[in-house]
Amino acid sequence: MMQGVPQPAFYIFKCQQSAPPGMPKPSCVSQNDPESAQLFQHLAQSLMMKGIIGTVQPIQTGCLNRCQQGPVMLVEPGHTMYVELTKDKIDKIIDEHIIGGNVVNEYVIADEMWGEAIPPSQMAK
Ligand code: FES
């Protein structure tokens, strides 16, 4: 069998949106929370130190529309939205979900904020 370039096992989309200073709107990277600005680097460094950075690809992204629950990140595949992140929570998600294969339910967004998706075929005009 031909051995091609392997696709990543996971993409992790970390919201890096920051609100301008003085904006009342919450954002995932906030000047009021210094740790929030370090989370992406922490994620990437942890993946590197564990030797899984290629097969797990961290992506910096803009707003994922769950700003009230920030800092957030989305793990694909699985469509798993993690909220209110800290460095410690990210470490646990890497160990238990990404390596261990078990979603860390206590850090997942509440069901009422993450209802079933509406199929685009139902909405398309
Ligand atoms: S700012 Fe991160 S979800 Fe909106």
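**Questions on a predicted chain**

The accessible surface of the chain comes to about 8100 Å². Carbon and sulfur atoms hold 53% of that surface. The model is predicted.

Q: What pattern does the chain follow along the sequence?
A: Start with the elements: the chain has 3 helices and 4 strands. Now put them in order along the sequence. The chain then reads β-α-β-β-β-α-α.

Q: What percentage of the residues of the chain count as buried?
A: A residue is buried when its relative accessible area is under 20%. The chain has 125 residues. The share that counts as buried is 33%.

Q: Which residues have the most contacts inside the largest nonpolar core?
A: In soluble globular proteins, nonpolar side chains tend to be buried together. The largest nonpolar core here has 17 residues. Those with the most contacts inside this core are Met-73 and Tyr-82.

Q: Which element gives the largest share of this core?
A: Strand 1 (10-15), helix 1 (39-49), strand 3 (73-76) and helix 2 (87-99) each give two or more residues to the largest nonpolar core. The largest share is 4 residues. That share comes from helix 2.

Q: Which residues does Tyr-82 touch, not counting residues up to four places away in sequence?
A: Touching here means heavy atoms within 4.5 Å. Tyr-82 touches Ile-93 and His-97, among others. The full set is Pro-71, Val-72, Met-73, Val-75, Ile-93, His-97, Val-103, Val-104, Tyr-107 and Val-108.

Q: How many residues are in the other core, which lies apart from the largest one?
A: Among the members of this other core are Cys-28, Val-72, Leu-74 and Met-81. The core lies apart from the largest one. Its residue count is 8.

Q: Which elements do the buried residues of helix 1 pack against?
A: The buried residues of helix 1 are Leu-39, Phe-40, His-42, Leu-43, Ala-44, Ser-46 and Leu-47. They pack against three strands and one helix. These are strand 1, strand 2 (56-61), strand 3 and helix 2.

Q: Is Ser-27 buried or exposed?
A: Ser-27 lies in the loop between strand 1 and helix 1. Its relative accessibility is 15%. The cut-off for buried is under 20%, so Ser-27 counts as buried.

Q: Which residue has its backbone oxygen 2.9 Å from a polar atom of the side chain of Ser-27?
A: The side chain of Ser-27 also has a polar atom 3.1 Å from the backbone nitrogen of Ala-19. The backbone oxygen, at 2.9 Å, belongs to Val-29.

Q: What is the omega of the peptide bond from Gly-70 to Pro-71?
A: Pro-71 is found in the loop between strand 2 and strand 3. The peptide bond from Gly-70 to Pro-71 is cis. Its omega is near -5°.

Q: Where is Pro-77 found?
A: The peptide bond from Glu-76 to Pro-77 is cis, with omega near 0°. Pro-77 is in the loop between strand 3 and strand 4 (80-82).

Q: What is the relative accessible area of His-79?
A: His-79 is found in the loop between strand 3 and strand 4. Its phi is positive, about 60°, although His-79 is not a glycine. His-79 is partly exposed, and its relative accessible area is 47%.

Q: Where is the place of Glu-84?
A: Glu-84 is not a glycine, yet its phi is positive, about 50°. At 45% relative accessibility, Glu-84 counts as partly exposed. Its place is in the loop between strand 4 and helix 2.

Note on methods: Residues numbered from 1 in each chain as written. Predicted model: local features only at pLDDT ≥ 70, side-chain atom pairs only at ≥ 80, totals over all residues. Heavy atoms only, no water. Buried < 20%, exposed > 50% of the residue type's maximum accessible area, 1.4 Å probe, protein only. Areas by Shrake-Rupley, 256 points an atom, 1.4 Å probe, with all protein chains shown as cover. Core = buried A, V, L, I, M, F, W, Y, C linked by side-chain atoms within 4.5 Å. Polar contact = N/O pair within 3.5 Å; in protein donor to acceptor, adjacent residues only side chain to side chain.
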